[in-house]
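Please look over the model shown below before reading on. The report that follows takes up a charged residue, then two sheets with their helices, and lastly a glycine.

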Amino acid sequence: MALIIPLCSSSSGNSVFIGSRSAGVLIDAGCSFKKLRLLLNSCEIGIGAVKAVLVTHEHTDHAKGLFQLTKHTDIPVYASKGTLRSLITDNQVAPCADLHELAELQNVPADFEIKAFSTPHDSADSAGFTFEQADCKIAYCTDLGTVSSEVRLNMLGSDFVFLESNYEPKLLRRNPNYPIFLKKRITSDTGHLSNSDCADFLAELAGYGATRFILGHLSRQNNTPEIAFESALMRLNACGAVYNKDYTLEIASVETEGRVIAV
């Protein structure tokens, strides 16, 4: 049995722990190292339980805490070749960091098989991840402008899905604080996934057996948990699935309140 703990999740910072209380991995370190340790401790997990950090991409909301983490611990970091290059070039990891490419994921000491896949995002070479045990497959995917064929191939057949539901198009269009170029970036095929696109993919995933969903990486300016939840709920119900019978659905908090999800 794996535990999933969304430690932080928003356009400001993202990090999720997957594993057991004694051993697991972090996906991203998008808050400060100090905050990361506090959030782990609030869930009764010490930093020593983190056996690896899997980095989706180099953007600050996913890599903010990496420099201090790699400076003060020997936890290995795994990322794509392009992401590693960007992390090093931009001094986002300490000179002593233990860095590995995704081809070496089989060396991570974990109770599940970890696989990576490419995601369409405006970064060096972003990735999503799947975690498989004998009776369960977990999929994690954020920061994608569209559901590509590679994303679909790797995520279909998952039991548990953590998926981005970043923005509500109407809120984004009406937001006076976002310039046109930024709105175009967000809505592009290498930007972020809207509520409606997320909901459509959830329905497809449910058709292939997924029963548990967490929506994450919600924009705090262009979305609300209520709108994202309702969009997904309506789409899943429309395809005949019954909430809390055929599937569960929840929103990852901006910062954890100690919520631990057993899979």
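In this predicted model, Glu168 is buried and yet takes part in no salt bridge, since the nearest side chain of opposite charge, that of Lys170, is 6.1 Å away. A salt bridge is counted when a side-chain nitrogen of Lys or Arg is within 4 Å of a carboxyl oxygen of Asp or Glu, which means that a gap beyond this cut-off does not qualify. Glu168 has its place in the loop between strand S10 (160-164) and helix H6 (169-174). If its neighbours within four places in sequence are left aside, Glu168 is in contact with Asn195, Asn222, Asn223 and Ile227.

Strand S10 also belongs to an open sheet of six strands, which has the order S7-S8-S9-S10-S11-S12 and mixed pairing. At its edges are strand S7 (113-118) and strand S12 (248-251), each of which pairs on one side only. Neighbouring strands of this sheet are turned against each other by 15 degrees on average, when direction is ignored. Helix H9 (residues 225-238) packs on this sheet, where it touches strand S11 (212-216) and S12, and its direction makes about 160 degrees with that of S12.

Another open sheet consists of seven strands in the order S6-S5-S4-S3-S2-S1-S13, and its pairing is likewise mixed. Here the edge strands are strand S6 (99-101) and strand S13 (261-262), each pairing on one side only. Helix H1 (residues 33-42) packs on the sheet and touches S1, S2, strand S3 (24-27) and strand S4 (50-54), with a direction at about 140 degrees to that of S1. Helix H4 (residues 81-89), in turn, lies across strand S5 (77-79) and S6, and runs at about 155 degrees to S6.

The table sets out one antiparallel pair from each sheet, together with a pair of residues that face each other.

| Strand pair | Bridges | Opposite residues |
|---|---|---|
| S1 (residues 3-9) and S2 (residues 14-19), antiparallel | six bridges | Pro6 and Val16 |
| S7 and S8 (residues 127-133), antiparallel | six bridges | Ile114 and Phe131 |

What holds such strands side by side? Strands of a sheet pair through backbone hydrogen bonds, either parallel or antiparallel.

Between S1 and S2 there is a loop, and Gly13 has its place in it. Is Gly13 buried or exposed? Gly13 counts as buried because its relative accessibility is 6%, and the cut-off for buried is under 20%. Leaving aside neighbours within four places in sequence, Gly13 is in contact with Cys8, Gly30 and Asp61. Gly13 and His217 are 204 residues apart in sequence, while their C-alpha atoms are 8.3 Å apart in space.

Notes. Residues are numbered from 1 along each chain as its sequence is written. This is a predicted model: local features need pLDDT of at least 70, side-chain atom pairs count only at pLDDT 80 or more; totals for chains, interfaces and linings use all residues. Side-chain values use heavy atoms; hydrogens and water are left out. Two strands pair if DSSP finds at least two bridges between them. Helices (H or I, at least four residues) and strands (E, at least two) are DSSP runs, numbered from the N terminus. Contact means heavy atoms within 4.5 Å. Axes are lines fitted to C-alpha atoms, for helices over the stretch in contact, and angles run from 0 to 180 degrees between N-to-C directions. Buried means under 20% relative accessible area, exposed over 50%, partly exposed in between (1.4 Å probe, protein chains only). Lys and Arg count as positive and Asp and Glu as negative; His and the chain ends are not counted.
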